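Reader: I'd like a close look at one helix and the company it keeps. Could you walk me through that part, and then show me how it sits in the rest of the chain?

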Amino acid sequence: MSWAIRLGQTAITTVLLVVAAIRAAADGVPLAWVLSIALVFTGWYVGGLVLGARTRDPVLATWWLGGLSLIWAGAVAISAEFVWLAFPLWLLAGFVLRLPWAIAFSVTILAVVISAPLLHSGTTSYANVVGPVVGGVFAFGIARGYLELVRDGRERRRLIASLVAAQEETAQLQDELARTQRESGAGMERTRLSRDIHDTVAQSLSSIGMIARGAESASAREMATALGQIVQLAHEGLVDVRRIVNAMAPAELEGSAFGDALRRMLARLEEETGIRTDLHIDEALPAIPMGAEVALLRTVQSALANVRAHAAARRVVVTMTDAGDTVRLDIADDGIGFDATGWDAHAARRTDGTGYGLRAMRARLRELGGDLDIESTPGDGVALSASLPITANGAPR
């Protein structure tokens, strides 16, 4: 019980004890008996309050209430006026005892209260019956109602504590999710940068090396042409580095259509290597968003770099078609080819640095919901088929 309830109950008990003692003395009960029973009742009651402040043992509280009830029964035996003290007993029963025992205890107290006038005077009245019944129900109801309020308060505090804990856990999970997303984003960005560097700067450096090696025994005119090509490739590589650092679109796409960028790339390959190139673009091809254009452009760049470095081809054909819900990019050459089945089976275990371009192409396309098919046999050229799903408005799925 709270201190306010204890104080109120103590005040009620004190008033009722004083009234009962005065009325008992007025009825002719010896004053010594009245004072003695009043002091014993008061001492036991106060002792219980002190003990209750130090411990909340329900068994001990039950024994204390039983002792107080015996003292009260003795007081009622001395004078029927002490039935007034039944009211605080009903209150205590509602607080201390479990509901079934509290009801049995309260009914017993009510029986004593109703029987007391009959035992002392031999008569009773309706007021002596109805009054105690109403008073007992009222007191018992107050006590049980207060306990329910206390339980509800404890449950609310428990729920609030649970909600606070859940909010703290949610905040921790959100922080963890944000950290994971940052790490995932950083990893994806590193992968993107490695692909862009491979498809642009690394390919430019590879081309520069090939041109430089081919010019070692060339004539002065051929040397001048090779130097011009090297300067051009170095400039383009520098531009690509700046674009990658600034996380911008490929330089090839700036200010021009995707098809024009492909034509320039094929024209440069033909000029620098002598490989004949052909480009076929479906006129009904839908608009392609920037992300898809970048992925397809990088695929062509990497494929042409492989043709330049490894294929020994005489012709390259690039075809873009509208396949309904997908856009399809095919790159075919008539070079020496390779074992595509063996490469695909062992690609994940290659540690010599080769094959990265094909793996990067496929990974880039799969991130956008597409894929890369590779068809090749030794001596029969290579055919790459890149596909990306698109919707009606041109956005990737």
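Author: Let's start with the inward-facing residues of helix α8: F258, G259, A261, L262, M265, L266, L269 and E272 are all buried. Keep in mind that this is a predicted model, so everything here is read off computed coordinates.

The helix itself runs over residues 258–273, which gives it 16 residues. From its first C-alpha to its last, α8 reaches 23 Å, close to the 22 Å expected at 1.5 Å a residue. Just after α8 comes G274, with a positive phi of about 80°.

Now for the neighbour. Helix α8 packs with α9 at an angle of about 10°, and the two axes are 11 Å apart. That angle is under 35 degrees, so α8 counts as roughly parallel to α9. On the α8 side, the contact is made by F258, A261, L262, M265, L266, L269, E272 and T273. On the α9 side, they meet E293, L296, L297, V300, Q301, L304 and R308. Sorted by character, the residues of this contact come out as 10 nonpolar, two polar and three charged. Among the α8 residues in the contact, F258, A261, L262, M265, L266, L269 and E272 are also on the buried list.

Helix α9 deserves a look of its own. It covers residues 290–311, and its 22 residues reach 30 Å from first C-alpha to last, close to the 32 Å expected at 1.5 Å a residue. Of those 22 residues, 17 are buried, so α9 is largely enclosed by the rest of the structure. Right behind α9 sits A312, which has a positive phi of about 55° although it is not a glycine. A312 belongs to the loop between α9 and β2, and with a relative accessibility of 61% it counts as exposed.

So where does the pair fit in the bigger picture? The largest nonpolar core has 36 residues, and the ones with the most contacts inside it are L296, V316, M320, V327, L329, I331 and L384. Several elements each supply at least two residues of this core: α8, α9, β2 (315–322), β3 (326–333), α11 (356–367), β4 (371–376) and β5 (382–389). The largest share, nine residues, comes from α9. One of the well-connected residues, L296, is also among the α9 residues that α8 meets.

Another of those residues, L384, is worth zooming in on. Leaving aside residues up to four places away in sequence, L384 touches A303, L329, D330, I331, L358, M361, L372, D373 and I374. Away from this region there is a second, separate core of 35 residues, which includes V76, F87, W90 and L110.

From that list of L384 contacts, take I374. It sits in strand β4, and with a relative accessibility of 16% it counts as buried. I374 also has a partner from elsewhere in the chain: A340 is 34 residues away in sequence, yet the two C-alpha atoms are 6.6 Å apart.

Two members of the second core, F87 and W90, take us to helix α4, where they are on the buried list with A86, P88, L89, L91, L92, A93, G94 and F95. Helix α4 spans residues 86–96, and 10 of its 11 residues are buried, so this helix too is largely enclosed by the rest of the structure.

For contrast, here are two spots from helices with earlier numbers. V19 is in helix α1 (residues 3–26) and is partly exposed, at a relative accessible area of 30%. Its C-alpha is 8.4 Å from that of E81, a residue 62 places away along the chain. G43 is in helix α2 (residues 31–54) and is likewise partly exposed, at 43%. Between the C-alpha atoms of G43 and L68, 25 residues apart along the chain, the separation is 9.9 Å.

Stepping all the way back, the protein has 11 helices and five strands. Of its 397 residues, 37% count as buried. Among contacts between residues at least 6 apart in sequence, 67% join residues at least 24 apart.

Note on methods: Residues are numbered from 1 along each chain as its sequence is written. This is a predicted model: local features need pLDDT of at least 70, side-chain atom pairs count only at pLDDT 80 or more; totals for chains, interfaces and linings use all residues. Side-chain values use heavy atoms; hydrogens and water are left out. Helices (H or I, at least four residues) and strands (E, at least two) are DSSP runs, numbered from the N terminus. The expected span of a helix is 1.5 Å times one less than its number of residues. Buried means under 20% relative accessible area, exposed over 50%, partly exposed in between (1.4 Å probe, protein chains only). A nonpolar core is a set of buried Ala, Val, Leu, Ile, Met, Phe, Trp, Tyr and Cys residues joined through side-chain atoms within 4.5 Å. Contact means heavy atoms within 4.5 Å. Axes are lines fitted to C-alpha atoms, for helices over the stretch in contact, and angles run from 0 to 180 degrees between N-to-C directions. Angles under 35 degrees count as roughly parallel, over 145 as roughly antiparallel, 65 to 115 as roughly perpendicular and the rest as oblique. Ala, Val, Leu, Ile, Met, Phe, Trp, Tyr, Cys and Pro count as nonpolar, Asp, Glu, Lys and Arg as charged, and the others, Gly among them, as polar.
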